[in-house]
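Let's take a walk through this structure together, one stop at a time. Have the model open so that you can follow along.

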Amino acid sequence: MWGRCLTLAMVCVAALCGCAEREPAALAHAAATAVAPSGGPAAATAELTADFNSKRITVGGAIDHAVAMLESAATGTPMPGQTSPVASVDATVFAAAVLDFCGAVEPQLPKADEFYLIWMKMGRLAFRAAEEAHAAGRLNESAGLVFRGPKRWQNEGYWYQYPDHDALAAVILARTGNRAEAIHRLQSRIELRGPAQEVYEMLMRGQ
């Protein structure tokens, strides 16, 4: 019985995080759609959703592609097969499309606790995208990214495990005129660690 359950779990993980045969080309096309004048994030989200339903891409693959684009933008290093780094705004626009896609297909994803890693990956993508936009001075865009995607990843366990995201969220809230909310969210934590603690102390000093 346990062997059968393990097999089923492995099948589900492969569907979420595995590599579909046509996935790289499909993801590259969706990324191009996201930044095209005739496309945009909404068009890319629709394309990703259709590709997922047709089993051309996986959720994990889409997240990994968005992260690779963000890394290229942040480090100035071209992605494999490219001659120049990804533009910062192109990377964050595609990340937004991927996070919205994750929300669109959320009802089809496993809810069991053993699949928590896929939800954590969504949260980390939201962090990386918001961090990139914030570092580039695009404050409003970063505010639209920092909590983006399914609400399932936004739980106490996630914020405890990733105080860097909690800290960035508070900074963005404070900088967009929501200082009281920024302080309240950090005060509500059972325990503050690392950068979250540092940002809380900064906010309490009035900085």
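In which helix does Thr45 lie? Thr45 lies in helix H3; helices here (H or I, at least four residues) and strands (E, at least two) are DSSP runs, numbered from the N terminus. Before we go on, please keep in mind that this is a predicted model, in which local features need pLDDT of at least 70 and side-chain atom pairs count only at pLDDT 80 or more, while totals for chains, interfaces and linings use all residues. Residues are numbered from 1 along each chain as its sequence is written, and side-chain values use heavy atoms, with hydrogens and water left out.

Back to Thr45, which counts as buried because its relative accessibility is 11%; buried means under 20% relative accessible area, exposed over 50%, and partly exposed in between (1.4 Å probe, protein chains only). A polar atom of the Thr45 side chain lies 3.0 Å from the backbone oxygen of Ala97. Leaving out residues up to four places away in sequence, Thr45 touches Ala97, Asp100 and Phe101, where contact means heavy atoms within 4.5 Å.

Now step back to the whole protein chain. It comes to 11 helices and zero strands, so reading along the sequence gives the pattern α-α-α-α-α-α-α-α-α-α-α. Of the 207 residues in the chain, 43% are buried. Among contacts between residues at least 6 apart in sequence, 66% join residues at least 24 apart. The chain exposes about 10500 Å², and carbon and sulfur atoms supply 59% of that area; accessible areas come from the Shrake-Rupley method with a 1.4 Å probe, and for residues only the protein chains shown count as cover.

Next, follow the end of helix H3 (41-53) into the loop that leads to helix H4 (59-75), where Lys55 has its place. Lys55 has a positive phi of about 65° although it is not a glycine, and it counts as exposed because its relative accessibility is 67%. Thr58 lies in that loop between H3 and H4 too, but Thr58 counts as buried, at 7% relative accessibility. Thr58 and Leu27 are 31 residues apart in sequence, and their C-alpha atoms are 9.7 Å apart in space.

Further along the chain is Tyr116, in helix H6 (residues 116-135). Tyr116 is partly exposed because its relative accessible area is 45%. Its C-alpha is 8.3 Å from that of Trp153, a residue 37 places away in sequence.

Trp153 also turns up at our next stop, as one of the contacts of His165. His165 sits in helix H9 (residues 163-175). Why does His165 count as buried? His165 is buried because its relative accessible area is 0%. Its side chain makes a polar contact with the side chain of Tyr158, at 2.7 Å. A polar contact is a pair of N or O atoms within 3.5 Å; within protein, one must be able to donate a hydrogen and the other to accept it, and residues adjacent in sequence count only if both atoms are side-chain atoms. Leaving aside neighbours within four places in sequence, the residues in contact with His165 are Gly123, Arg124, Ala126, Phe127, Val146, Trp153, Tyr158 and Trp159.

Trp159 brings us to the largest cavity, as one of its lining residues. The others in the lining are Tyr160, Pro163, Asp166, Arg189, Glu191, Leu192, Arg193 and Ala196. Helix H8 (156-161) and H9 each supply at least two residues of this lining.

Finally, visit Ser188, in the loop between helix H10 (179-187) and helix H11 (194-204). Ser188 counts as partly exposed because its relative accessibility is 41%. The C-alpha atoms of Ser188 and Glu156 are separated by 9.7 Å, with their positions 32 residues apart along the chain.

Notes: 1 Å grid on protein atoms, 1.4 Å probe; cavity = no way out; pocket = protein on both sides within 12 Å on 5 of 7 lines; lining within 4 Å.
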